[in-house]
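Here are a few short exercises to work through with the model open in your viewer. Try each task yourself before you read its solution.

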Amino acid sequence: MNWREDAKKMAAVKAVSHITDGFVVGLGSGTTVTYALQEIAKRIAEEELHILGIPTSHQTYYLALKYHIPLTTLDLHPQLNMAIDGADQVDNSLDMIKGMGGALTREKIVASASKKNIIAIDETKLAEKLGTKQPVPIEVTPFALPTVDAKLRKLGSKPLLRKAKRKLGPVITDNGNFILDTDFGPIDNPKKLNQTLKMIPGVVETGLFIEIANIVYVGGRKTVRKLE
Ligand code: 5RP
């Protein structure tokens with residue numbers, strides 16, 4: 001494994017250490033979360049830990065089945081003890097850009113229902129300002145693609161429809177929508193931008209996760225730092 005994979009794994013293990021018996025846990029999506037799922041499976045086997053997970057994507061759902069992590073739904077558990085997730089970029093206020101894996105909408109819904117949100121990243125994800133060399137993924141209902149695209153361009157950004165790999169045409173999210181990876185450059189006020197974007201009809205959700213993370217574990221080459 002290269003150092004980034006090790007760093008993600010170390011950070012994910014720290015995040016999982018917050019889980020205690022009886023917890024309902026939001027399970028984010030992505031490669032870092034995959035390490036967290038492996039660690040949860042290990043703790044279930046070794047400690048006879050009883051937890052229930054709520055997955056945020058088809059990817060996580062199938063991984064949870066593979067690792068025998070018991071699952072529940074928001075219908076049965078609309079409030080979660082905590083959620084674990086990765087991120088694409090994190091700033092000094094612990095605001096984040098998420099969604100390069102396309103699971104932003106369910107991730108934000110589950111995060112909003114969790115008492116605590118614990119994020120695991122490797123240190124390359126840290127940035128002084130969100131948006132620096134990183135687009136903001138925006139989930140859009142397909143009918144509204146042209147109108148949302150035009151409104152985003154009016155805001156001065158450059159939206160790019162995410163293309164699927166090994167399928168013709170755009171990525172279709174787990175919710176049946178498109179994603180516009182939207183370059184705003186370095187963002188001065190992520191909270192205000194998020195509010196502006198959410199006002200555009202047809203925008204389902206944005207990858208700006210504002211005032212959501214409680215703790216961020218940052219994996220480096222040798223150690224893990226805790227930001228809170
Ligand atoms: C998916 C996400 C992921 O958390 C984010 O893309 C980070 O993924 P990885 O852990 O693979 O770097 O937001 O929608």
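**Exercise 1.** Find what the side chain of Thr182 reaches in this predicted model, and decide whether Thr182 is buried or exposed.

*Solution.* Start at the side chain of Thr182 and look for a polar partner: the backbone oxygen of Leu180 is reached at 3.1 Å. That falls within the 3.5 Å limit for a polar contact. Next, place the residue: Thr182 belongs to strand β9, which covers residues 178–183. Finally, check the accessibility. Thr182 has a relative accessible area of 0%, so it counts as buried, the cut-off being under 20%.

**Exercise 2.** Work out which residues are closest to the ligand and which classes make up the shell around the ligand.

*Solution.* Begin with the count: 17 residues surround the ligand, and the closest are Thr31, Thr32, Asp88, Lys98 and Lys125. Then sort the shell by class, which gives four nonpolar, eight polar and five charged residues. Now turn to the secondary structure. Helices α2 (31–47) and α4 (104–112) each supply at least two residues of this shell.

**Exercise 3.** List polar contacts to oxygen atoms of the ligand, then find how much of the ligand's accessible area the protein covers.

*Solution.* Take the side chain of Thr31 first: one of its N or O atoms is 2.5 Å from an oxygen atom of the ligand. Move on to the backbone. An N or O atom of the Gly99 backbone lies 2.8 Å from a ligand oxygen atom, and for a backbone N or O atom of Gly102 the distance to an oxygen atom of the ligand is 3.4 Å. With the contacts listed, turn to coverage: on its own the ligand has 380 Å² of accessible area, and the protein covers 90% of that. As a last step, look at the site itself: the space taken by the ligand is the largest pocket.

**Exercise 4.** Examine phi of Glu48 and of His68, and say where each residue sits.

*Solution.* Recall the background first: most residues other than glycine have a negative phi. Now check Glu48, where phi is near 50°, a positive value in a residue that is not glycine. Glu48 is placed in the loop between α2 and β2 (52–55), and its relative accessibility of 62% makes it exposed. His68 comes next: its phi is positive too, at about 60°, although it is not a glycine. His68 is in the loop between α3 (58–66) and β3 (82–85), and with a relative accessible area of 67% it is exposed.

**Exercise 5.** Set sequence separation beside C-alpha distance for Thr223 and Asp6, for Lys9 and Asn194, and for Leu80 and Val136.

*Solution.* Thr223 and Asp6 are 217 residues apart along the chain, with 9.9 Å between their C-alpha atoms. Thr223 is in the loop between β12 (215–219) and β13 (224–227) and is exposed, at 56% relative accessible area. For Lys9 and Asn194, the separation is 185 residues in sequence and 30 Å in space, C-alpha to C-alpha. Lys9 lies in helix α1 (residues 3–16) and is partly exposed, at 36%. Leu80 and Val136 are 56 residues apart in sequence, and their C-alpha atoms are 26 Å apart. Leu80 is in the loop between α3 and β3, yet it counts as buried, because its relative accessibility is 1%.

Technical notes. Residues numbered from 1 in each chain as written. Predicted model: local features only at pLDDT ≥ 70, side-chain atom pairs only at ≥ 80, totals over all residues. Heavy atoms only, no water. Near = heavy atom within 4 Å. Polar contact = N/O pair within 3.5 Å; in protein donor to acceptor, adjacent residues only side chain to side chain. Areas by Shrake-Rupley, 256 points an atom, 1.4 Å probe, with all protein chains shown as cover. 1 Å grid on protein atoms, 1.4 Å probe; cavity = no way out; pocket = protein on both sides within 12 Å on 5 of 7 lines; lining within 4 Å. Sits in = over half its atoms within 2 Å of the grid points. Helix = DSSP H or I, 4+ residues; strand = E, 2+ residues; numbered from the N terminus. Nonpolar A, V, L, I, M, F, W, Y, C, P; charged D, E, K, R; others polar. Buried < 20%, exposed > 50% of the residue type's maximum accessible area, 1.4 Å probe, protein only.
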